[in-house]
Amino acid sequence: MMCTVCGCGEGETVVEGHAHPHDHHPGDAHGPGGHHHHGHSHHHYGLGPARAHAPGLSQARMIKIEQDILGKNQEYAAANRLYFRDHGILALNLVSSPGSGKTTLLTVTLEALKDEMPIAVIEGDQQTSLDAERIRATGVPSLQINTGKGCHLDGHMVGHALESLKPLDASVLFIENVGNLVCPAAFDLGEAHKVVILSVTEGEDKPLKYPDMFHAASLMLVNKTDLLPHCRFDVARCVEYARRINPGIQVLQLSAYSGQGMAAWLQWLRAAHQMQVAGFRQDA
Amino acid sequence: MHELSLCEGILRILEEQAEAQGFRRVRTVQLEIGALAGVEIEALRFGFDAVMRDSLAQDARLEVLGLPGLAWCMGCAEAVEIAQRYDPCPRCGSHQLQVTGGDQMRIKELEVE
């Protein structure tokens, strides 16, 4: 069952340091940016056919509501985005298929940048905290979210994670989403950019097969380029496919394993971080 | 994609609306789903019946209005209609398109009592 009090999707979601089902006390300091507006208790409507209706006297009426189905998630995402802006945090949502080398790329990136800027990581997986442990081994603070049966992170889970993780002001926050090129496309977390990672051991036609994700991403990283001599992956064609879906997408080729191309990615991160911090200092 | 999550989102909105607008049952839910929203309608129908069971919208009818995918072609400098994100411009064949509409998923209207 889902948590009807705060609208947590699957009750199986577990955020490290945040137990479910949570005790909802009025006045809880709950979530950055005023995440939760609980205040409604549990209502049961219409269990079974409506009673107390005179036969033939239908009270049916039409009401226009015009509400976005993902509106709730967008509210959570907007609160996260506000929090990131107020704290000068550059949040990046890393998305890919399982096995693209996301976590390895992330650990190499952290090793390269952790002495230059404050960094924190949110790890999303269906099960285990293996990835968060890999990240913590680099010395960077990391928090695991297990989505249970859920196939994506959502704005609400990330809001809870921020409460426990408390990333430093002017830091970079990497959010490693559940390995899945479909569902995470639709769920805004409040990030500045989605970064989609595609490795050369996968199909070069993935941008066409999963267009929503490539459309939503600002940057595509083509990973494992050290394996190109052994694969039939046509990088130029892959880039062409990605640009069909998203003419503005930026593309970098790299290998987290050999280090080839990593400098350009690190430079992209420094530039994006500088932009976020510049805005933050201006406001402060 | 994640049609079950979408149905849970729909149910949440129905429950909020029931409280705000004072109704007890939902008979019909009318949705607007754009061609580029990435929603599989059949999966949505399946999830809808499962999620609405034992709720205020048990046995409610689901009506889905499809909306076309719209894009702006930079070459033609005109709005064009597309069926999928990777479709080329139907006029000039270029892929320099910016999607401008057809990715909405909204609850439009409810029949309630």
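How many bridges join β2(A) to strand β6 of chain B, and do the two run parallel or antiparallel? Keep that in mind as you click around; what you have open is a predicted model.

**Stop 1: the strand pair across the chains.** Select β2(A), residues 61-68, and then β6(B), residues 105-112. Six bridges link the two strands, and the direction is antiparallel. To check the register, pick Ile63(A): its bridge partner in β6(B) is Leu110(B). Then pick Gln67(A), which is bridged to Ile107(B).

**Stop 2: the whole sheet.** Now add β1 and β2 of chain B to the selection. You get an open sheet of four strands, ordered β2(A)-β6(B)-β1(B)-β2(B), with mixed pairing. β2 of chain A and β2 (61-67) of chain B are the edge strands, each pairing on one side only. Ignoring direction, neighbouring strands here are turned against each other by 20 degrees on average. Next, show helix α1 of chain B, residues 3-21, which packs on this sheet. That helix touches β2 of chain A as well as β1 (26-34) and β6 of chain B, and its direction makes about 45 degrees with that of β6(B).

**Stop 3: the rest of the contact.** Widen the view to everything where the chains touch. Chain A puts in 37 residues and chain B 35 residues. On the chain A side, β2 (61-68), α6 (211-216) and α7 (235-245) are the elements giving two or more residues. The largest share, eight residues, is from β2(A), the strand you began with. Colour that side by class and you should find 19 nonpolar, ten polar and eight charged residues.

**Stop 4: inside chain A.** Hide chain B for this one. Chain A has eight helices and nine strands, and 44% of its 284 residues are buried. Among its contacts with a separation of 6 or more, 75% are between residues 24 or more positions apart.

**Stop 5: helix α4(A).** Select residues 155-165 of chain A. Why is this helix largely enclosed by the rest of the structure? Because eight of its eleven residues are buried. They include Gly155(A), His156(A), Met157(A) and Leu162(A). Show what surrounds them: the buried residues of α4(A) pack against β1 (14-15), α1 (71-86), β4 (119-125), β5 (142-146) and β6 (172-176) of chain A. Finish on Lys166(A), just after α4(A), where phi is positive at about 45 degrees.

Conventions:
Residues numbered from 1 in each chain as written. Chains lettered and ligands numbered in written order. Predicted model: local features only at pLDDT ≥ 70, side-chain atom pairs only at ≥ 80, totals over all residues. Contact = placed C-beta atoms within 7 Å. Nonpolar A, V, L, I, M, F, W, Y, C, P; charged D, E, K, R; others polar. Pairing = 2+ DSSP bridges. Buried ≥ 20, exposed ≤ 12 C-beta atoms within 10 Å, placed from the backbone. Axes fitted to C-alpha atoms, helices over the stretch in contact; angles between N-to-C directions.
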